[in-house]
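Colleague: I have a new model open and could use a quick tour. Can we go through it together?

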Amino acid sequence: AILTFVLWLNYVDRGIVAGAGTSIKGCVDSPADCGALHEPQPCGDEGAALGNHSLQCDQCRVCGDWCKGELVEQTGFGVDNTRLGLLQSAFMVGYVVGAVVFAQLVGKTRPFKLIAAGLTVWILSCLGSALAGWLCSPNHHGTCWSYKLMVAMRAMSGVGEASINTLTLPFLDSILDPDTKGFYIGIYYTAIPVGTACGFMWAGTISALTDGAWQWAFALEAPIMVPFALLAFFTPFDFGEAEDLHARNMAAGDYARLADGDDDATAAGEARGGSGGQQEVCGGGGGGGGGGG
């Protein structure tokens, strides 16, 4: 249950960028920055009065425009869809590097210490993502300078995910009973789609309640992970010890099966011996009957 919650929280984080994408993108300086996504026509009386244009303001928001009755203000980095997509996929850098590193270190270090290290990096990436948003001034022009920090923090989040995905599955495989292993691992991996969906809702709700302050979605999830990182650090599990225990259990099971086999063989031998004795008795009686004739 603990590992499932940790995986779920990790994927809640994954869904934040998509869930609060409009707020994180922010608005651009002029309609020229939108390309074909922005039509040079006023979208209402307010826009006409201000000389702004946003017929398709839900696709590309221009600072100072009126969109659906609301004045568009800067809430994010002032980036386009391409750069927003980069934020969503940057985790792959940390994930690929982290997976290779953890796979090499797991033979030398207890796996849960590695998981604790990965979760610590994940916590820092969440705090750094929130900080990147807060460092961005609402009055900036063009792409905010802290966007690069945000990309780096999102890449770091992949390190935490790599520690979870590369190390927990072998752990579960080593401790679960073969008859129930598939069931529990299936429950564990349901945290991926459920967590991502919850991340969409979490980010959208936080952004709506705070007038676009999506940074709190990252900042509030970080302290939730802290006790689990500490718990992982002090968990004394080792794959070598688990393999020895598994080998002893297998040996015990083999011995039990051999013992059962010996008992069955003994019982079968006794049954055959008894049957042979009965045949001899019957044979002797037949001979005596013949002699009497």
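Modeller: Sure. One term before we start: a contact means heavy atoms within 4.5 Å. In the protein chain, take the contacts with a separation of 6 or more: 76% of them join residues 24 or more positions apart. Keep in mind that this is a predicted model.

Colleague: How many helices and strands does the protein chain have?

Modeller: Twelve helices and two strands. From the N terminus, the order is α-α-α-α-β-β-α-α-α-α-α-α-α-α.

Colleague: And what is the mean pLDDT of the chain?

Modeller: The mean pLDDT is 78. Of the residues, 72% reach 70 or more.

Colleague: Where is confidence lowest, and where is it highest?

Modeller: Helix H4, residues 45-50, is the low point, with a mean of 44. Helix H11, residues 215-233, is the high point, at 94. Over residues 40-55 the pLDDT is below 50. That stretch still has 26 contacts in the model beyond near neighbours in sequence.

Colleague: What about residues 285-293?

Modeller: There the pLDDT stays under 50 too. For residues 285-293 the model has zero contacts beyond four places in sequence.

Colleague: Switching to the inside. What share of the residues is buried?

Modeller: Buried residues make up 37% of the 293 in the protein chain.

Colleague: Which residues have the most contacts inside the largest nonpolar core?

Modeller: Phe112, Leu119, Leu172 and Met225. This core has 30 residues. Helices H1, H6, H7, H8, H9 and H11 each supply at least two of them. H7 gives the most, with eight residues.

Colleague: Pick Leu172. What does leucine 172 touch?

Modeller: Leu3, Ile185 and Tyr188, leaving out residues up to four places away in sequence.

Colleague: Which residues does the second core include?

Modeller: Ala20, Leu84, Ala155 and Trp214 are among them. This core is separate and has 23 residues.

Colleague: Let's stay with alanine 155. Why does it count as buried?

Modeller: Because its relative accessibility is 16%, and buried means under 20%. Alanine 155 sits in helix H8.

Colleague: What does alanine 155 touch?

Modeller: Ala90, Phe91, Val93 and Gly94, again not counting residues up to four places away in sequence. Look at alanine 90 and alanine 155 in the viewer. They are 65 residues apart in sequence, but their C-alpha atoms are 4.7 Å apart in space.

Colleague: New topic: empty space. How much space lies in the largest pocket?

Modeller: About 440 Å³. The pocket is lined by 16 residues. Ser23, Arg61, Glu70, Leu71 and Thr75 lie nearest its centre.

Colleague: Which elements give two or more residues to that lining?

Modeller: Helix H3 (21-25), strand S2 (70-71) and helix H10 (191-209). By class, the lining has four nonpolar, six polar and six charged residues.

Colleague: How many cavities of 30 Å³ or more does the structure hold?

Modeller: One. The volume of the largest cavity is about 100 Å³.

Colleague: Which residues line the largest cavity?

Modeller: The lining includes Asn10, Asp13, Trp122, Arg154 and Glu161. Phe91 is there as well, and Phe91 is one of the residues alanine 155 touches. H1, H5 and H8 each supply at least two residues of the lining.

Colleague: And how does the cavity lining divide by class?

Modeller: Four nonpolar, three polar and four charged.

Note on methods: Residues are numbered from 1 along each chain as its sequence is written. This is a predicted model: local features need pLDDT of at least 70, side-chain atom pairs count only at pLDDT 80 or more; totals for chains, interfaces and linings use all residues. Side-chain values use heavy atoms; hydrogens and water are left out. pLDDT is the predictor's confidence in each residue, from 0 to 100. Helices (H or I, at least four residues) and strands (E, at least two) are DSSP runs, numbered from the N terminus. On a 1 Å grid over the protein atoms alone, a cavity is a set of points where a 1.4 Å probe fits but cannot get out, and a pocket is an open set with protein on both sides within 12 Å along at least five of seven lines; lining residues have an atom within 4 Å of a point. Grid points are joined across faces, edges and corners, and a volume is the space filled by probe spheres set on the points. Ala, Val, Leu, Ile, Met, Phe, Trp, Tyr, Cys and Pro count as nonpolar, Asp, Glu, Lys and Arg as charged, and the others, Gly among them, as polar. A nonpolar core is a set of buried Ala, Val, Leu, Ile, Met, Phe, Trp, Tyr and Cys residues joined through side-chain atoms within 4.5 Å. Buried means under 20% relative accessible area, exposed over 50%, partly exposed in between (1.4 Å probe, protein chains only).
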